[in-house]
Amino acid sequence: MNKKLVAALSGGAALVLALTGCGGGGEDQSKKLDEWAKSVCDQMQPQVKKITDANAAIVGLTNEEDSKKIQQTDSQAFQASADAYKALATSVDRAGAPPVKDGETSQKNAVKALNDLSGAYTGLKKRIDELDTGDQAKFGEGLKVIAGDIAKLTSRSDEALKKLQSGDVGKAMAKQPGCKRTSVSPSATKQ
């Protein structure tokens with residue numbers, strides 16, 4: 001019943017990787033750009049862990065049949081993700097624009113995308129809380145709709161985040177310990 005939601009969360013995990021898994025970097029970057037990247041990346045790791053843990057909690061329910069347990073776990077996971085994305089948006093906003101061409105636009109787009117994700121996960125929490133756990137068929141249908149919405153949301157927000165950490169910004173972020181690529185993808189995405 002929860003497998004569609006797990007599959008959709010894989011897309012969300014890819015989005016987190018897009019934010020944290022910046023490309024490699026071999027050339028020297030300006031001190032200002034490195035400082036900007038450090039200010040963002042130092043705040044990123046704890047939030048990425050919250051999102052990863054939330055996804056893992058949902059993935060852990062792949063074979064769960066108890067609708068109430070699924071509802072409770074998903075609700076908590078959606079709230080944790082909403083809070084983490086909001087904190088990421090705040091970090092990128094506080095850091096200011098990266099000192100590169102079109103940095104202000106990239107920063108604003110990334111903050112908007114992260115805030116949109118936060119709001120969307122808050123909405124998903126509300127919707128999962130409202131599902132009728134007494135009717136397995138209705139509950140399963142509700143989960144399918146939520147999973148589809150997660151997939152749509154991920155594709156919309158992905159572009160702004162990729163643009164934020166492209167080029168020199170991505171290289172500077174890749175040097176920071178808080179932005180080192182970690183394994184975020186859930187492994188249980190079987191349909």
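Trainee: In this predicted model, what span does helix α2 (residues 31-59) reach from its first C-alpha to its last, and what is expected at 1.5 Å a residue?

Mentor: Helix α2 has 29 residues and reaches 41 Å, which is close to the 42 Å expected.

Trainee: Where does α2 bend, and which proline follows?

Mentor: The bend, of about 35 degrees, lies at Met44, and Pro46 follows within four residues.

Trainee: Why is Ser118 called buried?

Mentor: Buried means under 20% relative accessible area, and Ser118 has a relative accessibility of 8%, so it counts as buried. Ser118 is found in helix α4, which covers residues 103-130.

Trainee: What makes the approach of the Ser118 side chain to the backbone oxygen of Ala82 a polar contact?

Mentor: The side chain of Ser118 reaches that oxygen of Ala82 at 2.8 Å, and the cut-off for such a pair of N or O atoms is within 3.5 Å. Leaving aside residues up to four places away in sequence, Ser118 touches Ala82, Tyr85 and Lys86.

Trainee: Why does Asp102 count as partly exposed?

Mentor: Partly exposed lies between the 20% and 50% limits, and Asp102, at 45% relative accessibility, therefore counts as partly exposed. Asp102 is found in the loop between α3 (67-95) and α4, and its phi is near 60 degrees, a positive value in a residue other than glycine.

Trainee: Where in the protein is confidence lowest, and where is it highest?

Mentor: Confidence is lowest in helix α1 (residues 3-20), at a mean pLDDT of 51, and highest in α3, at 92. Over residues 20-29 the pLDDT is below 50, although this stretch has 28 contacts in the model beyond near neighbours in sequence.

Note on methods:
Residues numbered from 1 in each chain as written. Predicted model: local features only at pLDDT ≥ 70, side-chain atom pairs only at ≥ 80, totals over all residues. Heavy atoms only, no water. Helix = DSSP H or I, 4+ residues; strand = E, 2+ residues; numbered from the N terminus. Buried < 20%, exposed > 50% of the residue type's maximum accessible area, 1.4 Å probe, protein only. Polar contact = N/O pair within 3.5 Å; in protein donor to acceptor, adjacent residues only side chain to side chain. Contact = heavy atoms within 4.5 Å. Expected span 1.5 Å × (residues − 1). Bend = angle between axes of the 7 residues up to and from the residue. pLDDT = per-residue confidence, 0-100.
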